[in-house]
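User: Could you take a close look at one helix for me, and at the spaces around it? I'd be glad of a connected account rather than a list.

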Amino acid sequence: MNDISGYFDWAATAPVDEDIIREATELSINCFGNPSSVHKLGTIAKNELTQIRKIASKTLCVKEENLFFTSGGTEADHIPLLSLLQRPSTARILVSEIEHPAIKEQAEMLKHYGWKIDYVKPNPQGIITAKSVEDALKPDTVLLCVMAVNNETGAIQPINEIADTLYRIAKETGKRRTKFHVDCVQAAGKIPLNIGYRGIDSASFSGHKIGGPRGSGLLYLAQRIEPFVKGGGQEQGIRSGTENLAANYAFVKCLQRYYISADSQGKILQPDSPQAKRYFEQQILTNEFIQKLTSIKGCKIIPECRSTLSPETQQYSPWIIQATFPKIPGKAMVRALSEKGFYISTGSACSARKLNRPVLEAMGISREDSTNAVRFSFGPKTKSNDMENLFQTVNEVCKTLNY
């Protein structure tokens with residue numbers, strides 16, 4: 001394996017789990033039949049795909065028939081949105097202002113077809129509260145999109161509470177409940193998760209965020225929808241196209257290796273599992289790293305409440321930290337660290353070349369702090385001494401740039 005001790009951009013993509021990728025490669029060589037073919041080789045491939053889906057079902061604690069393989073998180077986000085185009089409408093979609101472009105940009109496209117798009121703002125801590133959702137809902141809001149973990153700040157959104165709120169409002173008004181889509185790309189394998197929770201209608205996942213291959217993803221649907229994009233009818237017609245057996249295998253095996261299951265209260269179902277133990281360990285490492293960063297003059301954690309070690313810090317994924325260094329533009333910090341063999345980012349890889357930072361702006365972060373902000377993100381193979389070396393190098397860079 002390549003040396004990943006200086007890699008701190010796991011939220012952009014994770015180094016692959018080599019043993020799983022090798023197994024998947026062998027599978028692609030030995031099981032090359034099309035799962036839709038009726039001959040023996042096709043049947044063998046179909047049986048392999050069925051077994052893979054069973055593993056995913058058991059891992060996520062949902063039914064097999066509710067899981068659909070896709071080409072990635074973006075496509076898994078698009079399928080529920082595009083399904084709305086099955087009927088002309090002037091109804092509304094409510095989207096959080098901290099969503100990934102896969103959601104925000106596609107929602108904006110729906111405006112061309114008569115849909116109205118409303119946005120719900122996060123509070124200064126980067127949290128979309130259930131109350132803010134309730135206040136933003138309109139009588140004709142048919143779909144709500146709120147991600148489980150923000151990819152820039154690590155803020156964990158109260159998706160269960162939001163789902164409960166949607167149920168309560170429907171019961172009180174006697175109207176049809178607003179459907180709820182949750183982007184779980186930065187949550188799966190990172191925090192305790194329960195996608196089968198009542199009121200979560202759909203959820204998206206991406207393989208390359210947890211050691212799987214790029215081009216692999218998964219969509220959970222609590223109930224069947226009518227897809228807008230049609231084709232050969234694979235994946236029960238929800239996502240047509242010949243299935244990528246090897247990619248699906250690798251993704252699901254990584255999901256099985258890292259996923260942290262939670263109950264309806266958010267408590268970890270297996271607290272003694274390797275996944276849970278690594279999660280608790282990272283919480284400690286991240287809190288220590290935050291305290292070291294804030295010892296650098298002028299450094300601020302975004303949001304600042306994370307630096308207090310208050311109970312609020314539990315609202316953030318321990319795998320992502322956003323920090324800002326006065327007078328050092330974020331891109332300058334990224335380049336300086338890269339030259340020393342440490343790799344971070346300024347935020348979402350999809351928006352790395354853009355000047356604006358919509359997530360931070362939505363939180364009310366100043367233009368200067370947004371410009372200077374960088375993201376440190378970690379993974380299951382990140383070690384304590386790796387983070388210590390990162391801190392020392394960040395400190396050196398700050399001094400070198402006359403900070």
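Analyst: Happy to. Please keep in mind that this is a predicted model. Let's take helix H6, residues 159–173. With 15 residues at 1.5 Å a residue, H6 should span 21 Å, and its end C-alpha atoms are indeed 21 Å apart, so the length agrees with expectation.

Which residues of H6 are buried? They are Ile 159, Asn 160, Ile 162, Ala 163, Thr 165, Leu 166, Ile 169 and Ala 170. A general point helps in reading such a list: an α-helix has 3.6 residues a turn, so residues three or four places apart point the same way. As for their partners, the buried residues of H6 pack against helix H5 (130–136), strand E4 (141–145) and strand E5 (179–183). Beyond the end of the helix comes Gly 174, with a positive phi near 75°.

Now to the open spaces that H6 helps to line. The largest pocket holds about 780 Å³ of space. Its lining counts 31 residues, and those closest to the centre are Val 142, Arg 176, Arg 177, Thr 178 and Lys 179. H6, E4 and E5 each supply at least two residues of this lining, and H6 gives the most, with four. Two of these elements, E4 and E5, are also ones that the buried residues of H6 pack against. By class, the lining of the largest pocket is made up of 13 nonpolar, eight polar and ten charged residues.

H6 also takes part in the second largest pocket, where about 520 Å³ of space lies. Here 22 residues form the lining, and Ile 156, Gln 157, Ile 191, Pro 192 and Gly 266 are the closest to the centre. The elements giving two or more residues are H6 and helix H8 (274–293), and H6 again gives the most, this time with three residues. The classes in this second lining are ten nonpolar, ten polar and two charged. Set side by side, the charged residues number ten in the lining of the largest pocket and two in that of the second largest.

For a companion view, consider helix H2, residues 40–60. H2 has 21 residues and reaches 30 Å from its first C-alpha to its last, close to the 30 Å expected at 1.5 Å a residue. Its buried residues are Gly 42, Ala 45, Leu 49, Ile 52, Arg 53, Ala 56, Ser 57, Thr 59 and Leu 60. Seen down the axis of H2, they fall within an arc of 165°, so they line one face of the helix. Lys 40 and Lys 58, on the other side of H2, are exposed. The cover over the buried residues of H2 includes strands E1 (67–70), E6 (202–206) and E7 (217–221), along with helix H7 (245–258). Just after H2, Cys 61 takes a positive phi of about 60°; after H6, a positive phi belongs to Gly 174.

Finally, a word on enclosed space: the structure holds five cavities of 30 Å³ or more. The second largest of them has a volume of about 60 Å³, and its lining includes Trp 10, Asp 17, Lys 190, Tyr 258 and Lys 381. Six nonpolar, two polar and four charged residues make up that lining.

Conventions. Residues numbered from 1 in each chain as written. Predicted model: local features only at pLDDT ≥ 70, side-chain atom pairs only at ≥ 80, totals over all residues. Heavy atoms only, no water. Expected span 1.5 Å × (residues − 1). Buried < 20%, exposed > 50% of the residue type's maximum accessible area, 1.4 Å probe, protein only. Arc of directions from axis to C-beta. Contact = heavy atoms within 4.5 Å. 1 Å grid on protein atoms, 1.4 Å probe; cavity = no way out; pocket = protein on both sides within 12 Å on 5 of 7 lines; lining within 4 Å. Points joined across faces, edges and corners; volume = space filled by probe spheres on them. Nonpolar A, V, L, I, M, F, W, Y, C, P; charged D, E, K, R; others polar.
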